[in-house]
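Visitor: Could you walk me through this one? I'd like to begin with its surface and then move on from there.

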Amino acid sequence: MLILQRKAGESLFIGDEIEVSVLSVEAGRVRLAIDAPKSVSILRSELKIAADTNREAADEEVSPLTLLDVLRDAGGGQDGSGGITL
């Protein structure tokens, strides 16, 4: 990991095509501008973590009938009205 210090108005390049500029530093917050080709994906870290978590959850998806079987096996059953008691 490379750690740099930049002031407002300064920038840095990543390769030949990506420029990161510091727009401002106020109250502990840094505003950045990123100039990159459209083919480069740019995500805030919390959005990438959420996307990865959602993708993992989707990979583990099971059918509703399987879930009903699990609920029945866990002690749920018919309540006499045709519904399932949880």
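Visitor: Which residues make the nonpolar surface patch?

Guide: In this predicted model, Val-25, Val-30, Leu-32, Ile-34, Val-40 and Ile-42 together make a nonpolar patch of about 510 Å² on the surface.

Visitor: And which element gives the largest share of the nonpolar patch?

Guide: That is strand E3, which contributes three residues to the patch, and Leu-32 is one of the residues found in this strand.

Visitor: OK, pockets now. How much space lies in the largest pocket, and what is it lined by?

Guide: The largest pocket holds about 290 Å³ of space, and its lining consists of Leu-12, Ile-14, Val-20, Leu-32, Ile-34, Ile-42, Leu-43, Arg-44 and Leu-47. The elements that give two or more residues to this lining are strand E1, residues 11-14, and strand E3, residues 29-35.

Visitor: How do those lining residues divide into nonpolar, polar and charged?

Guide: Eight of the lining residues are nonpolar and one is charged, while no polar residue takes part. Leu-32, Ile-34 and Ile-42 belong to the lining of this pocket and are also listed in the nonpolar surface patch.

Visitor: Switching to the backbone, which residue other than glycine has a positive phi?

Guide: Ala-27 has a phi near 50°, a positive value in a residue that is not glycine, and the residue sits in the loop between strand E2, residues 18-26, and strand E3. For context, most residues other than glycine have a negative phi.

Visitor: Is Ala-27 buried or exposed there?

Guide: Ala-27 counts as exposed because its relative accessible area is 84%, and the cut-off for exposed is over 50%.

Notes. Residues are numbered from 1 along each chain as its sequence is written. This is a predicted model: local features need pLDDT of at least 70, side-chain atom pairs count only at pLDDT 80 or more; totals for chains, interfaces and linings use all residues. Side-chain values use heavy atoms; hydrogens and water are left out. On a 1 Å grid over the protein atoms alone, a cavity is a set of points where a 1.4 Å probe fits but cannot get out, and a pocket is an open set with protein on both sides within 12 Å along at least five of seven lines; lining residues have an atom within 4 Å of a point. Grid points are joined across faces, edges and corners, and a volume is the space filled by probe spheres set on the points. Helices (H or I, at least four residues) and strands (E, at least two) are DSSP runs, numbered from the N terminus. Ala, Val, Leu, Ile, Met, Phe, Trp, Tyr, Cys and Pro count as nonpolar, Asp, Glu, Lys and Arg as charged, and the others, Gly among them, as polar. Patches are made of residues with over 30% relative accessible area and no salt bridge: like charges are joined within 9 Å, nonpolar side chains (Val, Leu, Ile, Met, Phe, Trp, Tyr) within 5 Å. Accessible areas come from the Shrake-Rupley method with a 1.4 Å probe; for residues, only the protein chains shown count as cover. A salt bridge is a side-chain nitrogen of Lys or Arg within 4 Å of a carboxyl oxygen of Asp or Glu. Buried means under 20% relative accessible area, exposed over 50%, partly exposed in between (1.4 Å probe, protein chains only).
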